[in-house]
Amino acid sequence: MNIIEAVSLTKIYDGSIKAVEDLSFRVKKGEIFGLLGPNGAGKTTTIGMLTTIIKPTDGTAYICGYNIQTDKDEIRKRIILVPQEPAMDLFLSVYDNLYFYAWLQGVPKALRRNLILNILNELELTDKINSQVISLSTGLQRKVQLARAFLVKRDVIFLDEPTLGLDPIGKMKAWDLIKRLIKNDRASVIIATNDMREAEVLCDRVLMLKTKPIIVGDVGELKKIRGLTIIRLSLKDKGKSDFSFLGDINGVLKTEYKNGNLDVTVNDPSLVHEIVSQLIDRKLVLLKVQTVEPSIEDVFLLTFGVK
Amino acid sequence: MLALIWREYKLGTTAYLLISYILTPTIYLIIFALTVSTSIAPTIIYQGLYVNYISFIAAGIIGIQTLSMFNQSFAITRLDVITNFLTVLMTSNIKLYKYVLARILTIYSVLFTQFVYVVFLAYILSGYFPSILGACLALTFMFIGLLFWFSLGTICGLHIKNELTRDIVMLMVSTPATFLSSSLYNLDQAPQIIKMLGYLNPLTYIVNLIRSSYFGLTIELTELLTLVTITSLTLFFLARSIHKFAIK
């Protein structure tokens, strides 16, 4: 069953600036769907249209069967949006922020306190219950924002760059938390991000877009579709070589030298022979040659033409 | 709606804000008005009447307090826009007019408290106490004044995103509006140019109407019509701005 169905969504600002063009996709119940793209690709605008905040110039979308253009109130009863910025009252306490939001969402007074205590306990935030939000670190503020998102159950949760500004440990904890909470709620989730690792960890399927949709599929599939292979060559000594000569080989997409290893991203694994022979021609000593599975980041870079 | 009022009270009742609500009118009345009335002139001619300067200033301070809501509503609206609070409200199925109403009600209750405080403080210092009818009328004009400055501040908060522009607009509005009005002196006795500029200032009409009610004098119909007209226009533009914001 499709919870979200976007049909040729288009947004043009000021009559000429195309933010999103002809975007169509579907999201199933319980699915975590990633919107990936570089800055300015139209991810936030897409979320804005789906959450009924931004009016599409053309096309439409259905959330739980309701049209975003005509059934805004019905849709708003079924969604939760976590925007990029922490949309919280910085001078109120963690508890007051959550209490206000629960009230806003129609949670009966008798249930609010327990609901808040449970979610704070789940997120290990109980000791911060009376702290002003402004006194918390960015990571903790993000956590409070996530707590608010999962305070009440809704059919669809929109997370716009949910771990922006967090350190790697903070990100891992947040991802773990999101996965856990989503598993409990069985909600469908749309995550807009340009953090490829985040997409890889969280998303069942992703859509890469740059104003227009470029490619959609599950993360494993996308790697196969793009036919990417990384050839990792361990070198004894790099010498003065900058490996730019490898870029002249048709099918070599990216070269990266790090810690004695040269990673060459290719779209055809058989190129390994030519690459090795070119390196040997330049008197470079190879210690080991192996193929490595590409990351979603490699797919992203290839998709958006970064070589 | 109740949740929004609760939020406004929670945000507005921090110790610092409560102190500032009391401190500002106290400074105006005790430091400014008392000093002027004892060192320069204890009375002032207003609409042909000799009135105590402290009582005269008390009405002006109430007007100035409505003007202070311009900066407050500007800053809070802007913050609520840039932190996406308004977006979260909308996606929570809360209509933005409820947000505006909650804020107006909260601000009015603050101004009402300040009004009572100023009237009693002025009574202690000058011995003058307005009639019940006069006080009720003054509260009504204070409410209209609040609607005007609140709407103007909220419109600016919805449209102005840049912090520098915000600071410049706040400064360009609040300081000239305070001093180029009848709040601290009798504008009719001021030089012609100041008088002319003063009557271009909405605060002058707000203060004049509050003051006339405060002293039980005749309300100038033209002043009342002017204030009602500009307030209605500002409310209309506020409704338009909110509508536009809600359907980007």
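A residue counts as buried when its relative accessible area is under 20%, as exposed when that area is over 50%, and as partly exposed in between. These words recur throughout this walk through the structure, which is a predicted model.

Chain A comes first. Chain A has 307 residues, and 53% of them count as buried. Its secondary structure consists of 10 helices and 14 strands. Measured out along the principal axes, its C-alpha atoms fill a box of roughly 75 × 45 × 35 Å. The accessible surface of this chain comes to about 14200 Å², and carbon and sulfur atoms account for 49% of that surface. As for how the chain folds back on itself, take the contacts between residues at least 6 apart in sequence: 69% of these join residues at least 24 apart. Chain A also carries 43 positive and 38 negative side chains, and the centres of the two sets lie 2 Å apart.

The beginning of chain A is a convenient place to enter. Ile3(A) is part of strand β1. Ile3(A) counts as buried because its relative accessibility is 5%, under the 20% limit. Leaving aside residues up to four places away in sequence, Ile3(A) touches Val27(A), Lys28(A), Lys29(A), Tyr62(A), Ile63(A), Cys64(A), Val156(A) and Ser188(A). Val133(A) lies elsewhere: its C-alpha is 34 Å from that of Ile3(A), and the two residues are 130 apart in sequence.

After strand β1, which spans residues 2–13, comes the loop that leads to β2, and Asp14(A) lies in this loop. Asp14(A) has a phi near 50 degrees, a positive value in a residue other than glycine. With a relative accessible area of 72%, Asp14(A) is exposed. Asp22(A) also has a positive phi, of about 50 degrees, although it is not a glycine. Asp22(A), however, is in strand β2, and its relative accessible area of 45% makes it partly exposed.

The next topic is charge pairing. Side chains of opposite charge can pair when their charged atoms come close. Over all chains, a search of the whole structure finds 14 salt bridges. One of them is between Lys18(A) and Glu21(A), whose closest N and O atoms are 3.5 Å apart. Lys18(A) is partly exposed, at a relative accessible area of 45%.

Another salt bridge joins Glu31(A) to Arg205(A), with an N to O distance of 2.5 Å. Glu31(A) sits in the loop between β2 (17–28) and β3 (32–36), while Arg205(A) belongs to strand β9 (residues 205–210), so this pair ties together parts of chain A that are 174 residues apart in sequence. The two partners fall into separate classes of exposure: Glu31(A) is buried, with a relative accessible area of 7%, whereas Arg205(A) is partly exposed, at 21%.

Which residue of chain A forms a salt bridge with Arg7(B)? The partner is Asp89(A), and the closest N and O atoms of the pair are 2.7 Å apart. Arg7(B) lies in helix α1 (residues 2–12) of chain B, and Asp89(A) lies in the loop between β6 (79–82) and α3 (94–104) of chain A, so this salt bridge joins two chains. Arg7(B) counts as buried, at 1% relative accessibility. Asp89(A) is buried too, because its relative accessible area is 6%, and buried means under 20%. The pairing also extends further, since Asp89(A), Arg7(B), Glu8(B) and Asp80(B) are joined into one network by salt bridges that share partners.

Asn84(B) offers a second view of how the chains meet. This residue is in the loop between α3 (53–82) and α4 (85–91) of chain B. Residues up to four places away in sequence aside, Asn84(B) touches Pro83(A), Glu85(A) and Ala87(A). At 17% relative accessibility, Asn84(B) counts as buried.

The walk ends on the surface of chain B. Phe112(B), Val116(B), Phe120(B), Tyr123(B), Ile124(B) and Phe129(B) make a nonpolar surface patch of about 580 Å². Among them, Tyr123(B) lies in helix α5, which covers residues 96–126 of chain B. Tyr123(B) is partly exposed, with a relative accessible area of 40%. That value can count towards a patch because the residues of a patch need over 30% relative accessible area.

Terms used: Residues are numbered from 1 along each chain as its sequence is written. Chains are lettered from A and ligands numbered from 1 in the order in which they are written. This is a predicted model: local features need pLDDT of at least 70, side-chain atom pairs count only at pLDDT 80 or more; totals for chains, interfaces and linings use all residues. Side-chain values use heavy atoms; hydrogens and water are left out. Patches are made of residues with over 30% relative accessible area and no salt bridge: like charges are joined within 9 Å, nonpolar side chains (Val, Leu, Ile, Met, Phe, Trp, Tyr) within 5 Å. Accessible areas come from the Shrake-Rupley method with a 1.4 Å probe; for residues, only the protein chains shown count as cover. A salt bridge is a side-chain nitrogen of Lys or Arg within 4 Å of a carboxyl oxygen of Asp or Glu. Helices (H or I, at least four residues) and strands (E, at least two) are DSSP runs, numbered from the N terminus. Buried means under 20% relative accessible area, exposed over 50%, partly exposed in between (1.4 Å probe, protein chains only). Contact means heavy atoms within 4.5 Å. Lys and Arg count as positive and Asp and Glu as negative; His and the chain ends are not counted. The place of a charge is taken as NZ of Lys, CZ of Arg, CG of Asp or CD of Glu.
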